[in-house]
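Here are my notes after going through this one. Have the model open while you read, and check each point against it.

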Amino acid sequence: MGRVTTRIPVRRIRTHGDATRPDTLAVEEPLEIRIAGAPLTMTMRTPGADIDLVHGFLLSEGLIGGAEDIDTIRYCDGVDADGQNTYNVLDVASAPGVTLTAPPRAFTTTSACGVCGKSSIDELRATSRFDPREDHSQVATDVLITLPDRLRAEQKTFAGTGGTHGAALFSTDGTLLVVREDVGRHNAVDKVIGWAVRENRIPLRDTVLMVSSRVSFELVQKAVMAGIPVLAAVSAPSSLAASLGDETGLTVIGFLRGESMNIYSAPQRVVGHPTGSAEPSVVGGRDRHVAEDVG
């Protein structure tokens, strides 16, 4: 497996002077996904949990419904200048009787975008096999307010580099199920979903997906495709993400910080108020946290 972090010399400038010293960076490398030897996509990711990433990506794209649709996923030969396998190519073989075919389009994703190759917004609205509206689970605010810090405590690569996104899956009672990190927020989510696929936990009823970033359309779609009822983030959702959450019945929570949060869709799943919390400050008729952003 490739390295998750690397160290390079950097010139550090501070008020008292500057010096050259090593700095730790999160690794970003390409991963090519093939189906029966035919190229499907190329994504930029942090090595690690690649098999989970592929399972999650295929489910999010609607190409598989579960682990039973896949026979094997294996690394192909791919060498660097020193002749060492880079582990940057994975080939997927479908299960007997299952036909996996790449969509009639080429799509390349980067660490910043999980849907860059889609040809239209209509194409993005993949039909999920699971309907969040059928999941009537609820989650207490006292549980939700603990999730950002618990996710951050598990982000070992971020702690060393400051350069990765995190995604964690919790049960609605607050039990931590899995955490994954990646330079791409969509990859981190795919790794979480892929873990669930391999563990035969799809659909992910009674769960909360917590992410360390903002909420984009693609993250909402991935949550819906996996049957996740609640998606929470420390930052804001986009307008399209909030709209899709409302359209599909997914609960989208943003600005989950301290003892406050904003609920943008399907608010009925969130119950109670944080114990002993004060009312949030309001500026100009809106919660003051709405003006903040963490990227």
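Two strands count as paired if DSSP finds at least two bridges between them. Keep in mind throughout that this is a predicted model.

1. The open sheet. With that in hand, the sheet to look at has 6 strands in the order S10-S9-S11-S12-S13-S14, and its pairing is mixed. Which strands stand at the edges? They are S10 (176-182) and S14 (260-265); each has a single partner strand, so one side of each is left without a neighbour in the sheet. On average, neighbouring strands here are turned by 20 degrees against each other, ignoring direction.

2. Inside the sheet, S9 with S11. Strand S9 (residues 165-171) and strand S11 (residues 207-211) run antiparallel and are joined by 5 bridges. If you want a spot to click on, try Ala167, which sits opposite Val211 in S11.

3. A helix on the sheet. Helix H8 (residues 239-248) lies across strand S13 (251-257) and S14. Against S14, H8 runs at about 65 degrees.

4. H1 against H6. Two packed helices are described by the angle between their axes and the distance between the axes. For helix H1 (residues 50-60) and helix H6 (residues 185-198), the axes come within 6 Å and cross at roughly 90 degrees. Angles of 65 to 115 degrees count as roughly perpendicular, and H1 and H6 are therefore described that way. On the H1 side the contact includes Ile51, Leu53, Phe57 and Leu59, while H6 brings in Ile193, Trp195 and Val197, among others. It isn't a purely greasy patch, though: by class, the contact has 7 nonpolar, 5 polar and 4 charged residues.

5. The aromatic pair. How many aromatic pairs does a search of the whole structure find? Just 1. Tyr75 and Tyr87 form the pair, edge-to-face, with 5.3 Å centre to centre and 90 degrees between the planes. Tyr75 belongs to strand S5 and Tyr87 to the loop between S5 and S6, 12 residues apart. Buried or exposed? Neither quite: Tyr75 is partly exposed at a relative accessible area of 25%, and Tyr87 is partly exposed too, at 32%.

6. Asp77 in that loop. Asp77 also has its place between strand S5 (70-75) and strand S6 (89-94). Its relative accessible area is 73%, so Asp77 is exposed, the cut-off being over 50%. From Asp77 to Asn88 you go 11 residues in sequence, and the C-alpha to C-alpha distance is 8.5 Å.

Note on methods: Residues are numbered from 1 along each chain as its sequence is written. This is a predicted model: local features need pLDDT of at least 70, side-chain atom pairs count only at pLDDT 80 or more; totals for chains, interfaces and linings use all residues. Side-chain values use heavy atoms; hydrogens and water are left out. Helices (H or I, at least four residues) and strands (E, at least two) are DSSP runs, numbered from the N terminus. Axes are lines fitted to C-alpha atoms, for helices over the stretch in contact, and angles run from 0 to 180 degrees between N-to-C directions. Contact means heavy atoms within 4.5 Å. Angles under 35 degrees count as roughly parallel, over 145 as roughly antiparallel, 65 to 115 as roughly perpendicular and the rest as oblique. Ala, Val, Leu, Ile, Met, Phe, Trp, Tyr, Cys and Pro count as nonpolar, Asp, Glu, Lys and Arg as charged, and the others, Gly among them, as polar. Buried means under 20% relative accessible area, exposed over 50%, partly exposed in between (1.4 Å probe, protein chains only). Rings of Phe, Tyr and Trp (its six-membered ring) pair if their centres lie within 6.5 Å; planes under 30 degrees apart count as stacked, over 60 as edge-to-face and the rest as tilted.
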